[in-house]
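Hi,

Here is the structure I promised to pass on to you. My notes on it follow below, starting with the ligand.

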Amino acid sequence: MKLTFPHMGYSYVAFKALINELGYEAVVPPEPSKRTMDLGVRYSPEFACIPFKVLMGTFLETIEMGAEMAISSGGVGPCRAGYYGVMHKKILNELGYDFDILIFEPPQSNYLDFIKKLNRVKPRGMSWRVFIQLIKKNYRKLEAIDQIEYLMYRIMPYEINKGDTYRAFKKALNMLDEARTKEEIEDALWEGRKIIARIPQDRSRNPLKIGIVGEIYVVLEPAVNFYIQRTLGEMGVYTDRSIWLTSYTQKNVIVEGRIGEHDIHQMAHPYLNELIGGHGINSIGETVIYANQGYDGMIQLAPFSCLPEIMAKGIMPRVSREVGIPVLTIFIDEQTAAAGVITRLEAFLDLLKRRREQKAQEACNA
Ligand code: SF4
């Protein structure tokens, strides 16, 4: 059986390994491109949000590559994510493709359903013990991938030769890709971290600090958000993003360490105390946290027509005023172009620089 999955940043390395080790053939989805978007837009409802369209395009591309089934995640709460998988499958079947999508909902919502789906993926003849071990090992690989990516953005604003950090990261990622055993994964992580940390750096710099929040798919998929974190890093900006695949899976969110959902909701409470679906409440709470940590600015990434992020954006001006942090919201749809995003980023960085200089001047005069 040929299995595929959604493309989300660099996580494909771990998903590919798990699927192959289970004895299936992994069909690795190509990085979302203009073609992915065109296919997705052609076969999705006009007002579907951009993650829906990109996934639709991805499934169509992987079907062309021979995929017979996709494994995807669902969602609970008041937003459309919960209907994604069912709608994708319905549309694909109506187009004549005999393609199945196995949708994993969060286990807390229905343990029995979760176990049944695991049982469907577990190869016959493989014991549960071996199956769980394989999942754990490749989850560790996923964590290692998040860790080297996290380190890359820490180092990037200090790199002396543009592109060094990204090249070192790719080397580390390849090493993780080749790691087979638990020990090899730990060794590759150790070596990879060393390779990234060793690139020539100028630590006398004092880069602008920007926090990135928003809807999970557009935050996690660089090809959809115009490689915003890498672009900023190579422009000499220190960035931190609130969502990482492994911390999200553990229901935690990394913001300079590990801050739980509970803290984020508490921070959001004066501005928003209702769950509005997606990551809407997180975008508010995390903005307050980043401001308290002395960040210079925030970027909110939002799919066009994403209701949770639209609501968060409506509240953002008050949050920005009261906690004193400028926020740039970037809505992403099929019309958004890289050049426009770069221009807005450059203007935002100018504003943050001027604001920093003004503050320094005021401190001198005081
Ligand atoms: S969070 Fe936004 S983009 Fe994601 S499924 Fe919900 S409405 Fe769509």
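A residue counts as near a molecule when its C-beta atom, placed from the backbone, lies within 6 Å of it. On that basis, the ligand is surrounded by C49, P51, C79, R80, A81, E215, G277, G278, P303, C306, L307 and P308.

Two notes on the source: this is a predicted model, where local features need pLDDT of at least 70, side-chain atom pairs count only at pLDDT 80 or more, and totals for chains, interfaces and linings use all residues. Numbering starts from 1 along each chain as its sequence is written.

The ligand shell has eight nonpolar, two polar and two charged residues (nonpolar: Ala, Val, Leu, Ile, Met, Phe, Trp, Tyr, Cys and Pro; charged: Asp, Glu, Lys and Arg; polar: the others, Gly among them). Domain 1 (2–126) and domain 3 (207–365) each give at least three residues to this shell; the bounds come from an automatic or database domain assignment.

Domain 2 (142–203) completes the division of the protein. The centres of domain 1 and domain 3, taken over C-alpha atoms, are 27 Å apart. Their contact (C-beta atoms, placed from the backbone, within 7 Å) takes 18 residues from domain 1 and 21 residues from domain 3. On the domain 1 side, α2 (34–43) and α3 (50–64) each supply at least two residues, and α3 gives the most, with four. Helices here are DSSP runs (H or I, at least four residues), numbered from the N terminus. That side of domain 1 divides into 12 nonpolar, four polar and two charged residues.

Have fun with it!

Conventions. Contact = placed C-beta atoms within 7 Å.
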